[in-house]
Structures are given as C-alpha cells and as structure tokens.
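Me: I'd like to learn how to read a few features of this model. Could we start with the aromatic rings?

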Amino acid sequence: MMTIQDVKLLDLPKICDSRGNLSFLENNAQIPFEIKRVYWIYDVPGGEDREAHAFRENQELIIALSGAFDILVDDGLSRKKYTLNRSHYGLYIPQGIWRVMDNFSTNALALELASTKYNTADYIIDYEEYRRLREAGEI
Ligand code: TYD
C-alpha cells in the first residue's frame, strides 16, 4: 500500500546554457514507470481546483512546465503540500494516493505523464469512499 512517503519530488536533468536551459526525461529512466499517456492542464481560471481524486492503478509524474501550482497529496492518514514552480522538478505520485491541484498562477502549464491509458474505472472521486477503501486495505 503506497503512502505519501512514496510520493517523490524528482529533480530532473537540467542542462544550463546561456541560450536557455533544457531538461529531459526518458521512458523508464528518470521515472519508475512506462509512459502510456501524456496530457496537460492549462488556462485554469483563478481559484479553480483540479484533479481531486485518486487512481487505483495509474501512476503519474506532474511537471510545472510554466508558472506554478500546488499539489496536495493525501494517503488517508497524512497529507503534504508541494509547490511546483520550476520546470526541472517533477512530482511522482504512485497509485492509490489522493491528490488535489490548486493555486494555479496565470499561464500555469501542468504536464502529466501517466502509466495507464485513460480509464474512468480507475478513478476514485469521492474522498469518503477513498478513506473507506484505504481503511479496508483495498487501495
Ligand atoms: P479529469 O481527470 O476528471 O480532470 P479533473 O479531475 O481535473 O477535472 O478529466 C476532466 C475531463 O477530461 C473528463 O471529462 C475526462 C477527460 N479526460 C480525457 O478524456 N482523457 C484524459 O486523459 C484525461 C486526464 C481526462
């Protein structure tokens, strides 16, 4: 059973250059899963929350490619807030962890790398249900 101890802020490679910086990652190398899907969140109006849910199976890496936002991770017992505001950091969130993204800056761009294809059955969108599943050891 994953806990928020398994959530990791990864410092990705950063090649500094007077012409501008470059960061990268490769499948299965800097991140502990194979990428099956990529999506991105942008044009978030001030004050909006996104992604209040947990996944049964899907693992993700979230990068603030531009701007800044907060990610609250919660395993039913403890919670921790991360602020992403540098594009060479990625937050790895394993399966089974509740997360909420908020506090998006103007022009924030959140890149999300996912270990599964989109599957509505993988979502747990009700926090009380999430707590019940955690207490029962089912997620
Ligand atoms: P959702 O994951 O519910 O985002 P949030 O929790 O931030 O609201 O996705 C919002 C909508 O986008 C939902 O209708 C499903 C759709 N969607 C896809 O079609 N494919 C995807 O890969 C994702 C992540 C979402």
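Reply: Rings of Phe, Tyr and Trp (its six-membered ring) pair if their centres lie within 6.5 Å; planes under 30 degrees apart count as stacked, over 60 as edge-to-face and the rest as tilted. Here, a search of the whole structure turns up seven aromatic pairs. F55, Y118 and Y123 are linked by ring pairs into a cluster.

A word on the ground rules: this is a predicted model, where local features need pLDDT of at least 70, side-chain atom pairs count only at pLDDT 80 or more, and totals for chains, interfaces and linings use all residues. Numbering runs from 1 along each chain as its sequence is written, and side-chain values use heavy atoms, with hydrogens and water left out.

Me: In what order do the strands of the open sheet with β12 come?

Reply: Strands (E, at least two residues) are DSSP runs, numbered from the N terminus, and two of them pair if DSSP finds at least two bridges between them. This open sheet reads β8-β7-β10-β5-β12, paired antiparallel. β8 (79-84) and β12 (123-124) are the edge strands with a single partner each, so one side of each has no neighbour in the sheet. Two bridges hold β5 and β12 together in the antiparallel sense, and F55 stands opposite Y123 in β12.

Me: And which strands make up the open sheet that contains β1?

Reply: That one has five strands, in the order β1-β9-β6-β11-β4, with antiparallel pairing. Its edges are β1 (8-11) and β4 (37-41); each has a single partner strand, so one side of each lacks a neighbour in the sheet. From one strand to the next the twist averages 25 degrees (axes are lines fitted to C-alpha atoms, and angles run from 0 to 180 degrees between N-to-C directions). Inside the sheet, six bridges join β6 (residues 60-66) to β11 (residues 109-114), with L61 opposite L113 in β11.

Me: Which residues surround the ligand?

Reply: A residue is near a molecule if one of its heavy atoms lies within 4 Å of it. The ligand is surrounded by R37, Y39, R50, E51, H53, Y118 and Y123. The largest share, three residues, comes from β5.

Me: Which side chains have an N or O atom paired with an oxygen atom of the ligand?

Reply: For polar contacts, look for N or O atoms within 3.5 Å. The side chain of Y123 has one 2.6 Å from a ligand oxygen, and for the side chain of H53 the distance is 3.3 Å. E51 uses a backbone N or O atom, 2.8 Å from a ligand oxygen.

Key: Helix = DSSP H or I, 4+ residues; strand = E, 2+ residues; numbered from the N terminus. Polar contact = N/O pair within 3.5 Å; in protein donor to acceptor, adjacent residues only side chain to side chain.
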